[in-house]
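Student: I am new to this structure and would like a close look at a single part of it. Could you pick the place where two helices meet and walk me through it, with enough background to find my way?

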Amino acid sequence: YQRRVHGIVMGASFRNTGEVKALCGCDYLTISPKLLEELKNDTTDVPVQLAKDKAADLCRDANTTLDEKAFRWQHNEDAMATEKLAEGIRNFTKDNIKLEVLLKKLM
């Protein structure tokens with residue numbers, strides 16, 4: 001739910017097409033070629049799940065303001081937000097280094 005903060009939402013790291021469909025309406029998605037092929041061959045309707053005009057209705061408490069202090073506290077209290085995010089960043093860095101080594105060998 002975006003109030004005064006302007007930005008985009010980007011979904012990534014999907015394991016199956018159901019996860020992709022669940023974010024229908026998201027600003028941007030990064031989808032693997034395998035899942036893109038599965039979606040291309042899927043003829044079922046996919047209703048929009050995320051829409052800015054419905055976001056306020058889905059917000060737990062639309063009247064609550066979230067300042068930086070509260071955001072950082074809530075973020076720190078959520079293991080998924082802290083540990084998995086950190087793990088993802090570390091793994092992304094490792095994969096980036098592997099890619100750089102591979103590309104240097106090809107040059």
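**Where two helices meet**

Tutor: Happy to! Let us start with the parts list: the protein has 5 helices and 2 strands. Following the chain along the sequence, you meet them in the pattern β-α-β-α-α-α-α. Please keep in mind that this is a predicted model. Its mean pLDDT is 85, and 86% of the residues reach 70 or more. That confidence varies from element to element: helix H2 (residues 33-40) has the highest mean pLDDT, 95, while helix H3 (residues 52-58) has the lowest, 71. Where pLDDT is low, the predicted coordinates should not be read in detail.

Now to the meeting place you asked for. Find helix H4, residues 68-77, and then helix H5, residues 79-106. These two pack with their axes 4 Å apart, at an angle of about 75 degrees. Angles of 65 to 115 degrees count as roughly perpendicular, so H4 and H5 are roughly perpendicular to each other. On the H4 side, the contact is made by His 75, Asn 76 and Glu 77. Facing them from H5 are Ala 79, Ala 81, Thr 82 and Leu 85. Sorted by class, the residues of this contact are 3 nonpolar, 3 polar and 1 charged.

For background, let us look at the other end of the chain. Thr 17 is part of helix H1. With a relative accessibility of 16%, Thr 17 counts as buried, because the cut-off for buried is under 20%. Setting aside its neighbours within four places in sequence, Thr 17 is in contact with Leu 35, Glu 38 and Leu 39.

Ser 13 sits in the loop between strand S1 (10-11) and helix H1 (17-22). Unlike Thr 17, which is buried, Ser 13 is exposed, with a relative accessible area of 64%. Its backbone deserves a glance too: most residues other than glycine have a negative phi. The phi of Ser 13, however, is positive, near 65 degrees.

Finally, step back to the whole protein. Of its 107 residues, 7% count as buried, and Thr 17 is one of the buried residues. The protein exposes about 9500 Å², and carbon and sulfur atoms supply 57% of that area. As for how the chain meets itself, take the contacts between residues at least 6 apart in sequence: 31% of these join residues at least 24 apart.

Conventions:
Residues numbered from 1 in each chain as written. Predicted model: local features only at pLDDT ≥ 70, side-chain atom pairs only at ≥ 80, totals over all residues. Heavy atoms only, no water. Axes fitted to C-alpha atoms, helices over the stretch in contact; angles between N-to-C directions. Parallel < 35°, antiparallel > 145°, perpendicular 65-115°, else oblique. Contact = heavy atoms within 4.5 Å. Nonpolar A, V, L, I, M, F, W, Y, C, P; charged D, E, K, R; others polar. pLDDT = per-residue confidence, 0-100. Buried < 20%, exposed > 50% of the residue type's maximum accessible area, 1.4 Å probe, protein only. Areas by Shrake-Rupley, 256 points an atom, 1.4 Å probe, with all protein chains shown as cover.
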